[in-house]
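Please find below a colleague's note on the model, set out as numbered points. The points take up a helix, the enclosed and open spaces, and then some individual residues.

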Amino acid sequence: MSVISEGLLSTKHLLGIKYITKSDIELIFKTAKEFKQVINRPIKKVPSLRDITIANIFFENSTRTKLSFELAEKRLSADVVNFSASGSSVKKGETLLDTVNNILAMKVDMVVMRHPSPGAHVYLSNHIDAQIINAGDGTHEHPTQALLDAFSMVEKVGDLKEKNILIVGDIKHSRVALSNIFCLKKLGANVKVCGPPTLIQKNMHHLGVDVEYDLDKALAWCDVANILRIQLERQDIKFIPSLREYALYYGVNKQRLQKLKKPIVIMHPGPINRGVEITSHVADSEHSIILDQVENGVAVRMAVLYLLANKRKPQE
Ligand code: CP
């Protein structure tokens, strides 16, 4: 490959989609498109981050995000260290800042972090010099998930301006929902959310988003449905009577899709709860791009890492 995209992000860190511009998103997409070609070649590696050391620090469980970042870093030839809170000295009472500062003392340049506390990354960015990428902060943001979701939508339906994008499920507890909303609105899409009233915040209109409680009406409206799981681990009280009732009213299934006038694109960030928010028939159907999202995740994260690393170089 010749030179990967020219251009600089407006930001040193990726703390959330809230903090980046439409131009940043477009630059990430342009760069990710080039990296997608790279990871589909027989030789999948480029030397772009050869001198960079990245720590993946996960205080919460992850399958896709953790592996995707690690692969993206290795495809870019970065040195990588992985940290999981379970089995670490966090269990002995060490603070977040002490943990991260000890990792940085080993000459780490970038930190990819998942943490249960909303705002943990913003806090860290005020206290350390290394670049920080948010891999999910509690119920707040999951910016690389939103970027890979929007990138996958563009691949499937083209420019998102005036496209109708539906987000279904547990909006209240979902960082994917909030980051998707910020990203899709910046790209000019029409965004609607659908789910039980107890799982949708009351202030959605402040985000420029419409609310529809009837799933069949919402599905009839959209071009793309991004389906989210119920985040039971973040619910200290019961927000729905039962998963069975949730599946009945808000589960996306074959019968619901067959009633639509046109096929819609089906997405899910994972992990999927088959038979709850989505049936296996829908998840594995020809209209599902769930595994394309996972593939695109590596390319998008390569783009983010590459572009942030470029911010480290002295500018002319
Ligand atoms: N989509 C997502 O964040 O999945 P993981 O929790 O497995 O990383």
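1. How many residues does helix 11 have, and how far does it reach from its first C-alpha to its last? In this predicted model, helix 11 spans residues 290-310, which gives it 21 residues. Its reach from the first C-alpha to the last is 30 Å, close to the 30 Å expected at 1.5 Å a residue.

2. Helix 11 bends by about 25°, and the bend is placed at Asn 296. As to its surroundings, 17 of the 21 residues of helix 11 are buried, so the helix is largely enclosed by the rest of the structure. The same helix returns in the points on cavities below.

3. Two cavities of 30 Å³ or more are counted in the model. The largest cavity holds about 70 Å³ of space. Its lining consists of Arg 64, Thr 65, Ser 68, Gln 145, Leu 148, His 268, Pro 269, Gln 293, Val 294 and Arg 301. Helix 2 (64-75), helix 5 (143-157) and helix 11 are the elements that give two or more residues to this lining.

4. What is the make-up of the lining of the largest cavity by class? It has three nonpolar, five polar and two charged residues. With respect to domains, the lining of the largest cavity draws at least three residues from domain 1 (17-141 + 294-312) and at least three from domain 2 (143-290).

5. The second largest cavity has a volume of about 30 Å³. Around it are Leu 9, Thr 11, His 13, Leu 14, Ile 20, Asp 24, Ile 28, Val 304 and Leu 308. At least two of the lining residues of the second largest cavity come from helix 1 (22-39), and at least two from helix 11. By class, this lining has six nonpolar, two polar and one charged residues. Helix 11 therefore deserves attention in both cavities: it gives two or more residues to the lining of the largest cavity, and it supplies at least two to the lining of the second largest, while being largely enclosed by the rest of the structure.

6. Turning to open space, the largest pocket has a volume of about 420 Å³. Its lining comprises 21 residues, and those that lie nearest its centre are Arg 114, Arg 175, Arg 229, Gly 270 and Pro 271. Helix 2 and helix 6 (175-186) each supply at least two residues of the lining of the largest pocket.

7. How do the residues of the lining of the largest pocket divide by class? Four are nonpolar, ten are polar and seven are charged. The lining of the largest pocket draws at least three residues from each of domain 1 (17-141 + 294-312) and domain 2 (143-290).

8. Two of the residues that lie nearest the centre of the largest pocket, Gly 270 and Pro 271, are joined by a cis peptide bond, with omega at about -5°. Pro 271 lies in the loop between strand 9 (265-267) and helix 10 (280-283).

9. Positive phi values in residues other than glycine merit a check. Ser 77 has a phi near 70° and is found in the loop between helix 2 and strand 2 (79-84). Is Ser 77 buried or exposed? Its relative accessible area is 19%, and the cut-off for buried is under 20%, so Ser 77 counts as buried.

10. Lys 107 also has a positive phi, of about 65°, although it is not a glycine. Its place is the loop between helix 3 (96-104) and strand 3 (110-115). At 66% relative accessibility, Lys 107 counts as exposed.

11. Ala 72 is in helix 2 and is buried, with a relative accessible area of 0%. Ala 72 and Ala 299 are 227 residues apart in sequence, and their C-alpha atoms are 7.0 Å apart in space.

12. Ile 167 is found in strand 5 (residues 164-168) and is buried, with a relative accessible area of 0%. Between Ile 167 and Leu 248 the separation is 81 residues in sequence and 17 Å in space, C-alpha to C-alpha.

How values were computed
Residues are numbered from 1 along each chain as its sequence is written. This is a predicted model: local features need pLDDT of at least 70, side-chain atom pairs count only at pLDDT 80 or more; totals for chains, interfaces and linings use all residues. Side-chain values use heavy atoms; hydrogens and water are left out. Helices (H or I, at least four residues) and strands (E, at least two) are DSSP runs, numbered from the N terminus. The expected span of a helix is 1.5 Å times one less than its number of residues. The bend at a residue is the angle between axes fitted to the seven residues ending there and the seven starting there. Buried means under 20% relative accessible area, exposed over 50%, partly exposed in between (1.4 Å probe, protein chains only). On a 1 Å grid over the protein atoms alone, a cavity is a set of points where a 1.4 Å probe fits but cannot get out, and a pocket is an open set with protein on both sides within 12 Å along at least five of seven lines; lining residues have an atom within 4 Å of a point. Grid points are joined across faces, edges and corners, and a volume is the space filled by probe spheres set on the points. Ala, Val, Leu, Ile, Met, Phe, Trp, Tyr, Cys and Pro count as nonpolar, Asp, Glu, Lys and Arg as charged, and the others, Gly among them, as polar. Domain bounds come from an automatic or database domain assignment.
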